[in-house]
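Please open the structure in your viewer and keep the sequence beside it. The tour below proceeds by selections, each followed by an account of what is found there.

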Amino acid sequence: ETPVQSAITATSVDDDTITVSGYAFSGGGRGIHRVDVTIDGGVTWHEAALNRGDDDDGRTKYNRWWAWTLWEVDVPISGGRAGPVTIACRAVDSANNSQPENGAHVWNFRGLLNNSWHRVEVNVKGK
């Protein structure tokens, strides 16, 4: 089964907010329970709004999820912050499986099933 994973697909930087969006997925028909985003290395987290695209949360009649869950969050930028900012996301599925911070514990020669936090760097311009 595929482990829980998430990825950042788009970012938008405004004066005081970074809007981050992406997708999350977990194997075995497990749904995504939560996606968190950080811009400070995991000290603080911001919970993303999940968009499954339908009224029944995307479940089939067998109580399984078989599609990506799209998500989006607005992360506030602290006053005067400028320069490169690393954004990271992690997902938690309906069985409370979550992504590890790095690939140290999932390392293998071919890099298969490395589901560590996805990171993207953006440049924040000062005011």
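Two strands are said to pair if DSSP finds at least two bridges between them. With that definition in hand, select strand 3 (residues 32-38) together with strand 7 (83-93). In this predicted model, strand 3 and strand 7 run antiparallel and are joined by 6 bridges. One place to look is V35, which stands opposite A91 in strand 7.

**Strand 3 and its surroundings**

Keep strand 3 selected and add strand 4 (residues 46-47). These two strands also run antiparallel, with 2 bridges between them. D36 of strand 3 has E47 as its bridge partner in strand 4. Is strand 3 enclosed or open to its surroundings? Of its 7 residues, 5 are buried, so strand 3 is largely enclosed by the rest of the structure.

Now centre the view on D36. Its relative accessible area is 5%, and since buried means under 20%, D36 is counted as buried. Leaving out residues up to four places away in sequence, D36 touches W45, H46, E47, A88, C89 and R90. Next, show the side chain of R34. R34 and D36 form a salt bridge, in which the closest N and O atoms are 2.9 Å apart. R34 itself is partly exposed, at a relative accessible area of 26%.

**The open sheet**

Select strands 1, 2, 6 and 5. These 4 strands form an open sheet in the order 1-2-6-5, with antiparallel pairing. Strand 1 (5-13) and strand 5 (49-51) are the edge strands, each pairing on one side only. From one strand to the next, the twist averages 25°.

Move to strand 6 (residues 69-76) and strand 5, which are joined by 3 bridges. Here N51 stands opposite L70 of strand 6. On strand 6, turn also to its pairing with strand 2 (17-25), which is antiparallel and extends over 8 bridges. Within this pairing, S21 is found opposite E72 of strand 6.

Display the side chains of strand 6. Which of them point to the buried face, and which to the other? T69, W71, V73 and V75 point to one face and are buried, whereas L70, E72, D74 and P76 point to the other and are not buried. In a regular strand, side chains alternate between the two faces of the sheet.

**The nonpolar core**

From the buried face of strand 6, proceed to the core. In soluble globular proteins, nonpolar side chains tend to be buried together. The largest nonpolar core of this model has 20 residues. Select I18, V20, V35, V37, W71, V73 and I87, which have the most contacts inside this core. Strand 2, strand 3, strand 6, strand 7 and strand 8 (118-124) each supply at least two of the core residues. Which strand supplies the largest share? Strand 7 does, with 4 residues.

V73 deserves a separate selection. Apart from its neighbours within four places in sequence, V73 is in contact with I18, T19, V20, V37, H46, E47 and A48.

**The salt bridges**

The final stop concerns charged side chains. The whole structure contains 4 salt bridges. Select E1, R30 and D93, which are linked in a network of salt bridges.

Begin with E1 and R30, whose side chains meet in a salt bridge of 2.7 Å, N to O. E1 lies in the segment before strand 1 and R30 in the loop between strand 2 and strand 3, so the pair ties together parts that are 29 residues apart in sequence. E1 counts as exposed at 74% relative accessibility, whereas R30 counts as buried at 18%.

Continue from R30 to D93. The closest N and O atoms of their salt bridge are 3.0 Å apart. This pair links distant parts of the chain, with D93 in strand 7 and R30 in the loop between strand 2 and strand 3, 63 residues apart. Is D93 buried or exposed? D93 is buried, with a relative accessible area of 0%.

Technical notes: Residues are numbered from 1 along each chain as its sequence is written. This is a predicted model: local features need pLDDT of at least 70, side-chain atom pairs count only at pLDDT 80 or more; totals for chains, interfaces and linings use all residues. Side-chain values use heavy atoms; hydrogens and water are left out. Axes are lines fitted to C-alpha atoms, for helices over the stretch in contact, and angles run from 0 to 180 degrees between N-to-C directions. Buried means under 20% relative accessible area, exposed over 50%, partly exposed in between (1.4 Å probe, protein chains only). Contact means heavy atoms within 4.5 Å. A nonpolar core is a set of buried Ala, Val, Leu, Ile, Met, Phe, Trp, Tyr and Cys residues joined through side-chain atoms within 4.5 Å.
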